[in-house]
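Student: Could you walk me through this one before I set anything up?
Tutor: Gladly; have it open while we talk.

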Amino acid sequence: MTAHHAPAPVSPEDARIAPKPRLRRFQQASWDEKLIFELGSPGERGVLVPAPDPAIAPVEIPPALRRAEPPALPEMSQQQVLRHYLRLSQENLGADLNIDVGQGTCTMKYSPKVNDQFVRDPRIAALHPLQDEDTVQGVLGIIHSLELLLKEISGMDRVSLQPAAGSAAIYTNVAMIRAYFAARGELEQRDEVITTIFSHPSNAACAKTAGFKVITLHPDADGYPDIEALKAAVGPRTAALLITNPEDTGIYNPRIEEFVRIVHEAGGLCSYDQANANGILGITRAREAGFDLCHFNLHKTFSTPHACGGPAAGASAVTEELAPYLPRPTVEFDGERYRLDDDRPESIGKMRPFYGVVPNLVRAYAWIMSLGAEGLRSAAETAVLNNNYLLHKVRRIPGVSVPYAQGRPRVEQVRYSWQKLHEDTGLHSEDIGLRAADFGTHYWTSHHPYLVPEPMTLEPTESYTRADLDEYVAILTEIAREAYESPETVRTAPHRSTIHRIRPETLEDPATWAVSWRAYRRKILGEATR
Amino acid sequence: MVNPVAGLGGRVGLGGTDGRERRHRALALGARALAGERAAAALRELRELRAGSGVGAGAGAGAGAGAGAGALGGAVAEPEVVTAAGAMGADSVAAAGLTARVVYVPGAGDETSAEDTLAAVRAVVAEGVDLLLLAGGDGTARDVLTALDGVHCPVLGVPTGVKMHSAVFGVSPRAAGQVAAAWLARSGSVRLRDAEVMDRDEDELRAGRVASRLYGWLPVPDVPVRVQQRKTGSTAGAPEAVGGIAAEVAERVGDGLLALGPGSTTRAVAAALGADVSLTGVDVLALRPGHPTEVVLRDGGEDALLAAGPCWIGLSPIGGQGFLLGRGNQQISPRVLRAAGGRERLLVLCTEQKLASLGGRPLLLDTGDEALDAELAGHLPVITGRRRTSLYRLTT
């Protein structure tokens, strides 16, 4: 009897052919691409814009507004433009390319591409904000429906989608708190806002920008917001508590209702930072915890793209008592027709021209509708499961510790510490994060100040597979091994990126910055410019 | 510069070994000198990091490109070491596998003295060193302060003493070696900070009171363990934060008197308020909106502070342990604190970054008056910027 034998595997020494390595060896492109202003040539064109239809009367631009000479814009063909931006994109590490679980507190979940198709549909893309209400009933319907969905998700009574980002939504809430106390004649007296150091720093920043004094609570020994500190902080001057929960450590404050009660008893309002509601969607709501206001960040929780600083979209949600102060106009529906209501005398005014960043509202609406109520809860549960799976693995990596709330699971993220590894090797958390770039990923440390020493904040969300998380853990494990065995490899990383290291002092020295073509010519090329 | 007898008294429970008699008692009790070993551990770490960075630069060709800082590659091999003979340094240098040039030899006799420390420091500094490593405790740090007498030389302590209230020491000998390596490599992110030199007042101690004095500051390389090296945004932002704190203090005090205790933050705040204050003492400033700040009392003692009239009291945590009251500022006595109006008139000044560096440990107080300590303890508002406070625990 003859047996069929599998062919013998290729010898590992056989240099002609080899299996894929266990860890990928990422190599970033380096194009040394010129600035777009340095490309092209005079007269070169990408598109020929047709002349206006003679039927359309030419718009007369007043002479005083006309330029003396045309702007010095780049002149180039379509192909050059395409190539330029593709090259630049290869020098980035985009969210769609890497296992982007290292942006804890910023939640890089997958943004489904079909939602982008909706946004590019001419029925959305060709809208103009100055169109008559009657011609935009569809998009007003989407906005109104999204408001109703977020109302249900938060448990609050009214929602505004005007804020252009999460921080803008926090500012909207603070502005409403200010208007509320001003209307009651208590604003002079109530000039203090309380927050915690593990809440997102935008809470403190917005409160201060709106003119409040800020009191920050530090955690107790277990890492929970210190309730004794809260009791010491509240009083007749308390305007509001702005608090994240779970905090940036991924720890859920089990006494959140008591926090709210203490502040309410002192006469203050409570605003819940739910920018990242990824671990609690469909599980707990701001309303049940007793809050008066809350906000969502549509890119963190509802999958719209991060957009590198905007435009994003935020949602402010309030109880009936605060509804009169919502930004105007609001979108109202009488059962037949949607309309914009600008007649709101107590409103804090406009947070943004027109009514919000519509493309992101469409994406968030599509995401919620595609998941449904059960799907939202399932997304949250998967995100929490992924996070605790990652926690279980990462805490075993040499040099890692998990400060606070020992032995307890975390919600959607964890702030780890490399302090032990730092003490053993002298390397910093930033060094580890930079070395991760050689394996095609990265992570973020933490907001300042570093309360957790040598921090690393990981948030896997529901988007990533178990294999993705295992690969991420394998990368961190490998870097920890290198840190102990060949620390210089880590100290001098990344080795395979477009730019290896940025000199830190240049970040603080405006003399080295060139944020415009003109500044580049003057500072870098040494040309005399106007 | 190794103080061979530093730390002798620690394990035998004698405390600091300032003075010959106490050292002899310590030795009679079986004490063993550890300073030399700990200094060698720091030097070994320094040597390995230096050697490692040389190798790393070679192996990772081009890796350090654009990163001018030496710590990131391209560093040189062995550091050039100058030291004093025998147990005062040369022995530790040899034990660490380095070679040294000896520039001072202590006098004959079986043990060294503070005079030897002073002379050795002067001899070493005269060589124009980039960094003076001192292995010792608070007493040794004081001797270095005296020897330098205003001459600028970066200093770093390898902790070997019993008493280490001063803020000049690394957290461990190895950590000191790492900081030294980063400083010598002139990594762009390493700067100097003024660190307090403090020591217990032995006379007070013998009278049954724990007390310490602030003697001055030494420039120490600042490799902040908890501060990001390569910033991605504004961090400690020390000058801005201090400016904000000063503006807040000015608003709270209004037209009034402000007694400022010693400390690097209070000094910086005084400077931002336009006052030239004494180095280690308690000064009283007269603030008046729209007018220049006046120093109405310089380096005042308890009685002078009481005589100055009702003051706001500005304090910042000093030393390596987060003491707010009772170490280095005993002039601000229970009587002074009560006369000022207690808790309501305390202005605790500290940047958020410095608070974070306490690692969650509370601020400490020990005024010597238990009732007052109990009254002051609890959650205290710490001024961290303009219109910004953090509630932070203060305990005995």
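The chat below goes through domains, helix packing and backbone geometry.

Student: What kind of model is it, and how is chain A divided?
Tutor: This is a predicted model, and chain A is divided into domain 1, residues 122-369, and domain 2, residues 501-530.

Student: How far apart do the C-alpha centres of the two lie?
Tutor: The C-alpha centres of domain 1 and domain 2 of chain A lie 38 Å apart.

Student: Which residues does the UniProt domain annotation cover?
Tutor: According to the unreviewed UniProt entry, "Aminotransferase class V" covers residues 184-302 of chain A. Over residues 184-302 the chain is 25% helix and 23% strand, and the C-alpha atoms at the two ends are 35 Å apart.

Student: OK, helices now. How do H5 and H6 of chain A cross?
Tutor: Helix H5 (residues 166-183) and helix H6 (residues 201-209) of chain A have axes that come within 9 Å and cross at roughly 45 degrees. That angle is why H5(A) counts as oblique to H6(A), and the crossing is right-handed.

Student: Which residues make the contact?
Tutor: From H5(A) they are Ser167(A), Ile170(A), Tyr171(A) and Val174(A), and from H6(A) they are Ser202(A), Asn203(A), Cys206(A), Ala207(A) and Thr209(A). Sorted by class, the contact of H5(A) with H6(A) has 5 nonpolar and 4 polar residues, with no charged residues.

Student: And what about H2 with H10, what angle there?
Tutor: Helix H2 (residues 113-120) and helix H10 (residues 358-394) of chain A pack at about 135 degrees, with their axes 9 Å apart; because of that angle, H2(A) is oblique to H10(A). The crossing of H2(A) and H10(A) is right-handed. On the H2(A) side, Asn115(A), Asp116(A), Phe118(A) and Val119(A) meet Pro359(A), Val362(A), Arg363(A), Ala366(A) and Trp367(A) of H10(A). The classes in this contact of H2(A) with H10(A) are 6 nonpolar, 1 polar and 2 charged.

Student: Switching topic: where are the backbone oddities?
Tutor: As background, most peptide bonds are trans, and most residues other than glycine have a negative phi. Here the peptide bond from Asn245(A) to Pro246(A) is cis, with omega near -5 degrees, and Pro246(A) sits in the loop between strand E4 (238-244) and helix H8 (256-265) of chain A. The bond from His448(A) to Pro449(A) is also cis, with omega near -5 degrees, and Pro449(A) belongs to the loop between helix H12 (429-436) and strand E11 (455-458) of chain A.

Student: What is the phi of Glu454(A), and where is that residue found?
Tutor: Glu454(A) has a positive phi of about 45 degrees although it is not a glycine, and Glu454(A) is found in the loop between H12 and E11 of chain A.

Note on methods: Residues are numbered from 1 along each chain as its sequence is written. Chains are lettered from A and ligands numbered from 1 in the order in which they are written. This is a predicted model: local features need pLDDT of at least 70, side-chain atom pairs count only at pLDDT 80 or more; totals for chains, interfaces and linings use all residues. Side-chain values use heavy atoms; hydrogens and water are left out. UniProt positions are given in the numbering used here, feature names are shortened, and annotations may be inferred rather than shown by experiment. Helices (H or I, at least four residues) and strands (E, at least two) are DSSP runs, numbered from the N terminus. Axes are lines fitted to C-alpha atoms, for helices over the stretch in contact, and angles run from 0 to 180 degrees between N-to-C directions. Angles under 35 degrees count as roughly parallel, over 145 as roughly antiparallel, 65 to 115 as roughly perpendicular and the rest as oblique. A crossing is left-handed if the near helix is turned anticlockwise from the far one by less than a right angle, and right-handed if clockwise. Contact means heavy atoms within 4.5 Å. Ala, Val, Leu, Ile, Met, Phe, Trp, Tyr, Cys and Pro count as nonpolar, Asp, Glu, Lys and Arg as charged, and the others, Gly among them, as polar. Domain bounds come from an automatic or database domain assignment.
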